[in-house]
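Please examine the structure shown below. The questions that follow ask how each description is justified.

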Amino acid sequence: MEVKGRNIKLFLKLKPSHIPADTGHYRDVTSIGHYGTGDVEFTLASEVDFEPVKAFIQMAYNKVGG
């Protein structure tokens, strides 16, 4: 997680191909230098932006942690 002004950038260890194309606030950072270990970046500006990302957080947690 990286705080940038009023936004939070959340890096998840998922393959970009696992993210549907119509997902908002998402970017593939596979070939971009960045802080974090994941290849998927979500930019969250509000609590409303967080709701759709919850499922991807759970997916990354289950993949790595269990």
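Q: What makes Arg27 partly exposed in this predicted model?
A: The relative accessible area of Arg27 is 37%. The partly exposed class lies between under 20%, which is buried, and over 50%, which is exposed. Arg27 is therefore classed as partly exposed.

Q: Why does Glu41 count as buried?
A: The relative accessibility of Glu41 is 4%. The cut-off for a buried residue is under 20%, so Glu41 meets it. Lys9 is buried as well.

Q: How do you know that Arg27 and Glu41 meet in a salt bridge?
A: The N to O distance between their side chains is 3.0 Å. A salt bridge requires a side-chain nitrogen of Lys or Arg within 4 Å of a carboxyl oxygen of Asp or Glu, so the pair qualifies. Arg27 lies in strand E3 (residues 26–28) and Glu41 in strand E4, so the salt bridge ties together parts that are 14 residues apart in sequence.

Q: What makes the pair Lys9 and Glu41 a salt bridge?
A: Their side chains meet at 3.6 Å, N to O. The limit is within 4 Å, and the pair therefore satisfies it. Lys9 belongs to strand E2 (residues 7–12) and Glu41 to strand E4 (residues 40–44); the two residues are 32 residues apart, and their pair links distant parts of the chain.

Q: Which residues does Glu41 contact when its neighbours within four places in sequence are left aside?
A: Glu41 is in contact with Lys9, Leu10, Phe11, His25, Tyr26, Arg27 and Val29. Both Lys9 and Arg27 are also salt-bridge partners of Glu41.

Q: How do you know that Glu51 and Lys54 form a salt bridge?
A: The side chains of Glu51 and Lys54 meet at 3.4 Å, N to O. This distance is within 4 Å, so the criterion is fulfilled. Both residues lie in helix H1 (residues 47–65), and being three residues apart there, they are separated by about one helical turn.

Q: Are Glu51 and Lys54 buried, partly exposed or exposed?
A: Glu51 has a relative accessible area of 42%, and Lys54 has a relative accessibility of 39%. Neither value is under 20% or over 50%, so both residues are partly exposed.

Q: What joins Lys9, Arg27 and Glu41 into one network?
A: The three residues are connected by salt bridges that share partners. A search of the whole structure finds four salt bridges.

Q: Why are E1 and E2 called paired strands?
A: Three bridges join E1 to E2, and pairing needs at least two, so these strands pair. They run antiparallel, and Lys4 stands opposite Asn7 in E2.

Q: What makes strand E1 and E3 edge strands?
A: The sheet is open and has four strands in the order E1-E2-E4-E3, with antiparallel pairing. Strand E1 (2–4) and E3 each pair on one side only. From one strand to the next, the twist averages 25 degrees.

Q: Why does Val3 count as exposed?
A: Val3, found in strand E1, has a relative accessibility of 63%. The cut-off for an exposed residue is over 50%, so Val3 is classed as exposed.

Q: Which residues form a nonpolar patch on the surface?
A: Met1, Val3 and Ile8 form the patch, and together they have about 330 Å² of accessible area.

Key:
Residues numbered from 1 in each chain as written. Predicted model: local features only at pLDDT ≥ 70, side-chain atom pairs only at ≥ 80, totals over all residues. Heavy atoms only, no water. Buried < 20%, exposed > 50% of the residue type's maximum accessible area, 1.4 Å probe, protein only. Axes fitted to C-alpha atoms, helices over the stretch in contact; angles between N-to-C directions. Contact = heavy atoms within 4.5 Å. Patch = residues over 30% accessible without salt bridge, like charges linked within 9 Å, V, L, I, M, F, W, Y side chains within 5 Å. Areas by Shrake-Rupley, 256 points an atom, 1.4 Å probe, with all protein chains shown as cover.
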